[in-house]
Amino acid sequence: MILSVDLGGTKCIFALYQETQGLTAVKSEQHPTKELSSLSIEIKKFLAHLNEPITKAGIALAGAIKDDSCYLPNPNLTLHFQAVRAELSFIPDIRFYNDAEAMIFGIRQLPKQSLLPVKQGTKSSTGCISLLAPGTGLGESSLRNHTILSGEGGHCDFAPQTQLQWELAMFLQARQDHVCCEQLLSGPGIVNIFDFLKTKYGKPNLSYTPQQISEKALSHTCHLCESTYQLFFELLGAEAGNLALRSNALGGIYLGGGILPKIVPLLQGSSFIDSFLKKGNYRFFMEQIPVYLILDPMSVVIGAAHLANEPTEMFC
């Protein structure tokens, strides 16, 4: 039996997979991350009434992994892998991954109905695939052949391209000295964009959560909320295009994370594709690359389980 965990900034998912012909999900639970007392304690609770032994575990984390630890900015904790392995010593093989690494590895295990085409293209079966996943933060990763290329690309500098985007950058720079993509392409980023627009258009007293902004944009009951998502998708398309160029993603760009599946109509009516294609004399290259939206909320868990079942590590 394989244990798979997705410890994200907002929620934590625990799942069990049976090793048969492939992996079959047999049980799963979801809890708000902020309610977790200890990862090891919660895993023991999840496994409390299990009669079969756990032989492997894949734990995906929403943070940068360095050596034998991982700092998770949400919920502001550091996991030390040696300590977790000691506390879960009854599991002989425990592996840790960044959540974007697990998600991109899980893509190949997803059925077609879990992938919504966003942009058509000529997909290369041998080309690199890349992932852009806005959620509590912004995850990025790539998969070339059988090697995962991971990083913290969400923290790269934001590069404004229009007058409105320059004004947005200056608005955020007045709050902090570094403006990165994650501060715009995430749940908190949606609020940052909304705060900028409400200030620009003279409505400083409006205050909405990311969920409220989404609901009002979907129901067309708040023009500022709709404008927030128009700008959000303009920026998302540009960053997805940047990632495609950096990684030579002729196998496709995949959009993940918890935000986008809930707002598909806003994505489909946006300028995402126009921004994705807007790469000067490399537009011809961008036109070849298909883009898909991952709809399965278990994609990280699926990827972590399959990574745990791999015979060797596969990272660059």
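Which residue forms a salt bridge with Lys 45, and how far apart are the closest N and O atoms? The partner is Glu 42, and the closest N and O atoms of the two are 3.6 Å apart. This is a predicted model, and the tour below starts from that pair.

## A salt bridge within helix 1

Both partners sit in helix 1, which covers residues 39-46. Lys 45 and Glu 42 are three residues apart there, about one turn of the helix.

Are the two partners buried or exposed? Lys 45 has a relative accessibility of 53%, so it counts as exposed, the cut-off being over 50%. Glu 42 has a relative accessible area of 10%, and because buried means under 20%, Glu 42 is buried.

## Other salt bridges

How many salt bridges does the structure hold? There are nine, and the pair in helix 1 is one of them. Another brings together the side chains of Asp 68 and Arg 85, at 3.5 Å from N to O. This pair links distant parts of the chain, with the two positions 17 residues apart in numbering: Asp 68 is in the loop between strand 5 (64-66) and strand 6 (69-72), while Arg 85 belongs to helix 2 (residues 81-87). Asp 68 is partly exposed, at 33% relative accessible area, and Arg 85 also counts as partly exposed, at 35%.

Arg 246 forms a salt bridge with Glu 239, and here the closest N and O atoms are 3.5 Å apart. Arg 246 counts as exposed, with 52% relative accessibility, whereas Glu 239 is buried, with a relative accessible area of 3%. Elsewhere, Arg 175, Asp 195 and Lys 198 are joined into one network by salt bridges that share partners.

## The second largest pocket

Now for some empty space. The second largest pocket holds about 400 Å³, and its lining is made of 18 residues. Which of them lie nearest the centre of the pocket? They are Ala 159, Gln 161, Gln 165, Ala 238 and Lys 279.

Helix 7, running over residues 223-247, gives the largest share of this lining, with six residues. By character, the lining residues divide into seven nonpolar, six charged and five polar.

## A nonpolar patch on the surface

Leu 245, Tyr 282 and Phe 284 make a nonpolar surface patch of about 290 Å². Where does Tyr 282 lie? You can find Tyr 282 in the loop between helix 9 (272-277) and helix 10 (283-288).

Tyr 282 has a relative accessible area of 41%, which makes it partly exposed, because that class runs between the buried cut-off of 20% and the exposed cut-off of 50%.

## Two loop residues with positive phi

His 220 is not a glycine, yet its phi is positive, at about 55 degrees. To locate His 220, look in the loop between helix 6 (210-218) and helix 7. His 220 is exposed, with a relative accessible area of 58%.

Asn 248 is not a glycine either, and its phi is positive at about 55 degrees. Asn 248 is placed in the loop between helix 7 and strand 13 (252-255). With a relative accessibility of 35%, Asn 248 counts as partly exposed.

Note on methods. Residues are numbered from 1 along each chain as its sequence is written. This is a predicted model: local features need pLDDT of at least 70, side-chain atom pairs count only at pLDDT 80 or more; totals for chains, interfaces and linings use all residues. Side-chain values use heavy atoms; hydrogens and water are left out. On a 1 Å grid over the protein atoms alone, a cavity is a set of points where a 1.4 Å probe fits but cannot get out, and a pocket is an open set with protein on both sides within 12 Å along at least five of seven lines; lining residues have an atom within 4 Å of a point. Grid points are joined across faces, edges and corners, and a volume is the space filled by probe spheres set on the points. Helices (H or I, at least four residues) and strands (E, at least two) are DSSP runs, numbered from the N terminus. Ala, Val, Leu, Ile, Met, Phe, Trp, Tyr, Cys and Pro count as nonpolar, Asp, Glu, Lys and Arg as charged, and the others, Gly among them, as polar. Patches are made of residues with over 30% relative accessible area and no salt bridge: like charges are joined within 9 Å, nonpolar side chains (Val, Leu, Ile, Met, Phe, Trp, Tyr) within 5 Å. Accessible areas come from the Shrake-Rupley method with a 1.4 Å probe; for residues, only the protein chains shown count as cover. A salt bridge is a side-chain nitrogen of Lys or Arg within 4 Å of a carboxyl oxygen of Asp or Glu. Buried means under 20% relative accessible area, exposed over 50%, partly exposed in between (1.4 Å probe, protein chains only).
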